[in-house]
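Colleague: I should be grateful for a close look at one part of this model, namely the way its helices and sheets are arranged against one another. Please take the elements in turn and name the residues where possible.

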Amino acid sequence: MLRHKAYKYRIYPTNEQAILIMKTIGCSRFVYNHFLDQWNTSYAETGKGLTYSACSKRLTDLKKQPDTEWLREVDKFSLQNALRNLADSFTRFFSLQNGKPQFKSKKHPIQSYTTHFTNHNIAILDKSIKLPKLGFVKCAKSREPQGRIVKATIRKQASGRFFVSILCEEEIHELPKTDSAIGLDLGITDFAVFSDGHKENNHRFTAKMEAKLKREQRKLSKRALVAKKNGIRLFEAKNYQKQKQKVARLHEKVMNQRNDFLNKLSTAIIQNHDVICMEDLHIKGMLRNHKLAKSISDVSWSSFVAKLQYKAEWYGRVIIKVDQWFPSSQSCSECGHRDGKKSLDIRKWMCPACHAQHDRDINASKNIRD
């Protein structure tokens with residue numbers, strides 16, 4: 001089955017290439033904001049917005065004007081994709097999928113633009129990648145992309161590092177059947193408890209970096225106060241921006257560690273089991289508990305479930321979700337006797353009916369599987 005799969009690589013542009021990347025990002029942002037303003041004005045005056053085709057024609061005229069002829073310096077596909085993103089944002093807004101499109105800011109921590117593959121303008125070699133207008137850019141290639149290249153997104157992170165995501169259309173085959181079903185109970189003390197008795201440790205990536213983050217964020221706050229005292233805008237304060245980048249690199253390291261862990265665990269589950277049973281957690285509601293919100297955010301249940309779902313769809317696996325109110329911790333997995341609610345400090349208990357000894361989380365995962 002043909003699927004879209006992205007490959008992300010870190011790139012190391014030269015100074016000239018980095019300047020051109022930032023110019024392209026700036027031009028894409030300008031085009032998006034310019035036509036968002038026109039779209040809003042048209043809607044206010046006539047009750048109707050614009051379309052991608054109408055904006056594309058106006059963009060051609062905009063490039064010919066003396067004040068904005070600098071738009072011709074950058075990759076034309078990046079500007080067209082900015083218009084597509086704008087049109088798509090309004091489509092989703094009117095179908096109640098997201099809020100009203102907002103103007104883009106150059107102060108946003110992540111800046112990016114997207115270009116399309118045509119006439120072999122994107123190519124991946126051993127140690128470099130060919131990109132439109134940029135030419136060959138040094139690249140750290142971790143794996144070989146498969147299939148047909150569709151588009152590429154060049155991104156500058158808040159840490160100052162540059163990345164490229166290559167979207168490919170490739171044939172993905174279902175994995176062989178294992179005739180195995182597993183129950184999965186997500187938690188905080190242990191990240192995941194399986195019905196076969198295995199427990200996956202919660203590595204607490206943010207907590208391990210917390211002391212260092214606090215120290216660096218304190219320095220960042222002090223530099224912000226110094227800049228304010230000297231009447232310098234934060235965007236122009238060099239010492240503040242250096243420290244901000246340092247803090248961003250720490251956050252990026254935590255994010256990379258977490259993503260690596262979630263990807264490896266979700267792949268292992270999909271490879272070894274045909275059916276994965278889990279609770280349908282209402283994570284937004286759980287985050288309202290201020291005592292647990294930080295820990296819940298750190299474990300990234302939502303991201304883990306999303307990875308499981310798309311991998312299951314790709315490789316022919318089935319994910320079954322039980323209702324969030326299912327009493328998985330209240331029932332005995334041996335005889336089915338329901339023993340009532342238990343406080344969170346009770347981790348082990350004995351069934352009064354069949355006298356079976358239970359680990360709270362393993363028992364819950366067995367009930368979810370069953």
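Modeller: The following account begins with a pair of helices and then turns to the two sheets. The model is a predicted one.

Helix α1 spans residues 15-46 and helix α2 spans residues 52-64. The two pack with their axes 12 Å apart, at an angle of about 120°. An angle of that value makes α1 oblique to α2. The crossing in which α1 passes α2 is right-handed. On the α1 side, the residues in contact are Phe30, Val31, His34, Phe35, Gln38 and Trp39. These meet Cys55, Arg58, Leu59 and Leu62 of α2. Sorted by class, the contact of α1 with α2 comprises 7 nonpolar, 2 polar and 1 charged residues.

Helix α1 is also associated with a sheet. It lies across β1, β2, β5 (135-140), β6 (148-156) and β7, and its direction is at about 90° to β2. The sheet concerned is open and has 7 strands, arranged in the order β2-β6-β7-β1-β5-β4-β3, and its pairing is antiparallel. At its edges stand β2 (111-116) and β3 (123-124), each of which pairs on one side only. Within this sheet, strand β1 (residues 2-12) and strand β7 (residues 162-171) run antiparallel and are joined by 10 bridges. One residue pair may serve to locate this pairing in the structure: His4 has Glu169, in β7, as its bridge partner.

A further open sheet is formed by 5 strands, with the order β10-β9-β8-β11-β12 and mixed pairing. Here the edge strands are β10 (199-201) and β12 (318-322), and each pairs on one side only. From one strand to the next, the twist averages 25°. Strand β9 (residues 190-194) runs antiparallel to β10, and 3 bridges join the two. Opposite Val193 stands Lys199 in β10.

Two helices may be described in relation to this 5-stranded sheet. Helix α5 (residues 238-272) lies across β8 (181-186), β9, β10 and β11 (275-279), and runs at about 5° to β9. Helix α9 (residues 360-369) packs on the sheet as well, where it touches β8, β9, β10, β11 and β12. The direction of α9 makes about 130° with that of β8.

In summary, α1 packs with α2 and lies across strands that include β1 and β7, while α5 lies across strands that include β8 and β9, and α9 touches strands that include β12.

Technical notes:
Residues numbered from 1 in each chain as written. Predicted model: local features only at pLDDT ≥ 70, side-chain atom pairs only at ≥ 80, totals over all residues. Heavy atoms only, no water. Axes fitted to C-alpha atoms, helices over the stretch in contact; angles between N-to-C directions. Helix = DSSP H or I, 4+ residues; strand = E, 2+ residues; numbered from the N terminus. Parallel < 35°, antiparallel > 145°, perpendicular 65-115°, else oblique. Left-handed = near helix turned anticlockwise from the far one by under 90°. Contact = heavy atoms within 4.5 Å. Nonpolar A, V, L, I, M, F, W, Y, C, P; charged D, E, K, R; others polar. Pairing = 2+ DSSP bridges.
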